[in-house]
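Hi,

Here's the structure I said I'd pass on. Have a look at it first, then read my notes underneath.

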Amino acid sequence: MRRGELHAAIPDAGMRLAGHVRDAALELGLEGAPKTVSVFWSMGAEIDTGPLLKTLHAMGHRTALPVVVKKAAPLIFRAWTPGDALADGGFGTSIPAADAREVTPDVVFVPLLAFDHDGFRLGYGGGFYDRTLEKLRAGSDDVVAIGVAFSGQRVDTVPRGPHDQPLDWIATEQGVSQFGPEGAS
């Protein structure tokens, strides 16, 4: 099924996603001290991330949204909480106001077109998340990258290059799975 069909067929997917992330908070490193967590604002037929943002905020985490600064550069992240105004980020994206505080996330929820069993993702072609994850991981071994998608977006293999950054986890409307030696989606 294509993503648009999945979006139409599973109208409560965003609520399910948020519930699975809440239930797996300990495994995802979201228990205990508040974290700074970035979640993209969904657009088009992407799984609805609104319930996830609200859930993470209710759990006491500092929430943020990604912002494209310029082509071929890592993203920055600006603080945002449910209810704050959003600005047009271009290309159909919504971002926090320009005066919102810039933050560094501990956990990054990542959009994707497809993902495979090894934790690699097919993104939108700009390389923004790969550059961003590389930069964040160079500064900390504790950064967690969680792909967000419909379970039907899983494929056998996605094309990958030397700069592609793997995900640690995948979160879908069907559950949360870890990639790597400890587990496989």
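Below is what I found, starting with the sheet and moving on to one helix.

Before anything else: this is a predicted model.

The sheet is open and made of eight strands, in the order β6-β3-β2-β1-β7-β10-β11-β12, with mixed pairing. At its edges you'll find β6 (102–103) and β12 (175–178); each has a single partner strand, so one side of each has no neighbour in the sheet. As a general reminder, sheet strands pair through backbone hydrogen bonds, either parallel or antiparallel. If you want one pairing to zoom in on, try β1 (residues 36–39) and β7: they run parallel and are joined by three bridges. Val37 sits opposite Val107 of β7 there.

Now for the helix, α5, which covers residues 128–139. Its 12 residues reach 17 Å from the first C-alpha to the last, close to the expected 16 Å. α5 lies across β2, β3, β7 and β10, and runs at about 165° to β7.

Which residues of α5 are buried? They are Tyr129, Asp130, Thr132, Leu133 and Leu136. Looking down the axis of α5, you'll see these buried residues fall within an arc of 165°, so they line one face of the helix. The cover over them includes β2 (62–67), β3 (76–79), β7 (107–110), β9 (121–122) and β10 (144–148). Turn to the other side of α5 and you meet Lys135, Ala138 and Gly139, which are exposed.

Cheers

Definitions and conventions. Residues numbered from 1 in each chain as written. Predicted model: local features only at pLDDT ≥ 70, side-chain atom pairs only at ≥ 80, totals over all residues. Heavy atoms only, no water. Helix = DSSP H or I, 4+ residues; strand = E, 2+ residues; numbered from the N terminus. Expected span 1.5 Å × (residues − 1). Buried < 20%, exposed > 50% of the residue type's maximum accessible area, 1.4 Å probe, protein only. Arc of directions from axis to C-beta. Contact = heavy atoms within 4.5 Å. Pairing = 2+ DSSP bridges. Axes fitted to C-alpha atoms, helices over the stretch in contact; angles between N-to-C directions.
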